[in-house]
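Here is a friendly walk through one chain, from its outer loops to its middle. Take a look at the picture before reading on.

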Amino acid sequence: MNGSRPKALMLLQPNNPTGRMLSDKCLKRCIQWAYEMDVHLISNEIYAISLYEKQKMMSMAQVWYDELNNKKNAKDLKYKGFLTNQVHITGGLSKDFGINGFRIGFIYTRN
Ligand SMILES: Cc1ncc(COP(=O)(O)O)c(C=O)c1O
């Protein structure tokens with residue numbers, strides 16, 4: 001990469017058009033990878049409620065929350081600092097509600 005370092009890992013799930021979603025195990029692994037690489041982790045969940053039948057959304061927010069409150073991580077201030085400052089979740093109304101004209105999006109972050 002010519003000496004340049006990635007600054008962030010960006011995930012999109014559910015995927016458009018396949019609807020593929022990442023397992024909680026995979027989401028947790030992404031958190032660990034981003035932590036090890038010291039990059040931001042951005043989970044774009046703009047299709048969060050546009051699911052196929054029988055699909056259940058596993059949001060990065062849930063995995064992130066579980067990690068943040070896991071007693072095992074309580075004393076690991078570096079890891080907690082990473083979770084607090086470098087994990088972000090984005091979404092918007094344009095896809096799930098079909099109102100792209102309104103240009104409304106959001107980011108959930110503690111940073
Ligand atoms: C994957 C994905 N994320 C985010 C956006 C941004 O959506 P908008 O600018 O309509 O809020 C788009 C728009 O095409 C998209 O395809």
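Is Lys54 buried or exposed? Lys54 counts as exposed, because 5 C-beta neighbours lie inside 10 Å, and 12 or fewer is what it takes to be called exposed. Bear in mind as you read that this is a predicted model.

**The overall plan**

Let's step back for a moment. The chain has 3 helices and 4 strands, and if you follow the sequence they come in the pattern β-α-β-α-α-β-β. The C-alpha atoms fill a box of roughly 40 × 35 × 25 Å, taken along the principal axes. Out of 111 residues, 18% count as buried. Looking at contacts with a separation of 6 or more, 63% come from residues 24 or more positions apart.

**The sheet**

The 4 strands make an open sheet, in the order S1-S2-S3-S4, and the pairing is mixed. S1 and strand S4 (105-108) stand at the edges with a single partner strand each, so one side of each has no neighbour in the sheet. From one strand to the next, the twist averages 20°.

What does "mixed" look like up close? S2 and S3 run parallel and are joined by 4 bridges. Leu41 has Val87 in S3 as its bridge partner. Strand S3 (residues 87-92) and S4, on the other hand, pair in the antiparallel sense, over 4 bridges. On that side of S3, Gly92 stands opposite Gly105 in S4.

**The ligand's surroundings**

Both of those glycines turn up again around the ligand, where the residues are Leu12, Asn44, Ile46, Gly92, Ser94, Asn100 and Gly105. Which kinds of residue make up this shell? It divides into 2 nonpolar, 5 polar and no charged.

**The core**

In soluble globular proteins, nonpolar side chains tend to be buried together. Here the largest nonpolar core has 10 residues: Leu27, Ile31, Ala34, Leu41, Met60, Val63, Trp64, Phe82, Leu83 and Val87. H1, H2 and helix H3 (77-86) each supply at least two residues of this core. Leu41 and Val87, the bridge partners from the sheet, are also members of the core.

Trp64 makes a good spot to look around from. Leaving aside its neighbours within four places in sequence, Trp64 is in contact with Ile31, Leu83 and Val87.

**Loops and odd backbone spots**

Most residues other than glycine have a negative phi, and most peptide bonds are trans. This chain has a few places that go the other way, and here they are side by side.

| Place | Backbone feature | Value |
|---|---|---|
| Gln13 and Pro14 | cis peptide bond | omega about 0° |
| Asn16 and Pro17 | cis peptide bond | omega about 15° |
| Asp38 | positive phi, not a glycine | phi about 55° |
| Lys54 | positive phi, not a glycine | phi near 70° |

Where are these spots along the chain? Pro14 is in the loop between S1 and H1, and Pro17 lies in the loop between S1 and H1 too. Asp38 lies in the loop between H1 and S2. Lys54, the residue we started with, lies in the loop between S2 and H2.

How crowded is it around Asp38? Asp38 is exposed, because 11 other C-beta atoms lie within 10 Å, while a residue needs 20 or more to be called buried.

Two more loop residues are worth a visit. Thr18 sits in the loop between strand S1 (8-12) and helix H1 (24-37), which is also where Pro14 and Pro17 are found. Thr18 is exposed, with 8 other C-beta atoms within 10 Å. How far is Thr18 from Leu51 in space? The two are 33 residues apart along the chain, and their C-alpha atoms are separated by 9.9 Å.

Tyr52 is in the loop between strand S2 (40-44) and helix H2 (60-69), and Lys54 lies in that loop as well. Tyr52 is exposed, with 10 other C-beta atoms within 10 Å. Now try Tyr52 against Leu83: 31 residues separate them in sequence, and they are 30 Å apart in space, C-alpha to C-alpha. Leu83, for its part, belongs to the largest nonpolar core, whereas Tyr52 is exposed.

Notes: Residues are numbered from 1 along each chain as its sequence is written. This is a predicted model: local features need pLDDT of at least 70, side-chain atom pairs count only at pLDDT 80 or more; totals for chains, interfaces and linings use all residues. A residue is near a molecule or strand if its C-beta atom, placed from the backbone, lies within 6 Å of it. Ala, Val, Leu, Ile, Met, Phe, Trp, Tyr, Cys and Pro count as nonpolar, Asp, Glu, Lys and Arg as charged, and the others, Gly among them, as polar. A nonpolar core is a set of buried Ala, Val, Leu, Ile, Met, Phe, Trp, Tyr and Cys residues joined through C-beta atoms within 7 Å. Two residues are in contact if their C-beta atoms, placed from the backbone, lie within 7 Å. Two strands pair if DSSP finds at least two bridges between them. Axes are lines fitted to C-alpha atoms, for helices over the stretch in contact, and angles run from 0 to 180 degrees between N-to-C directions.
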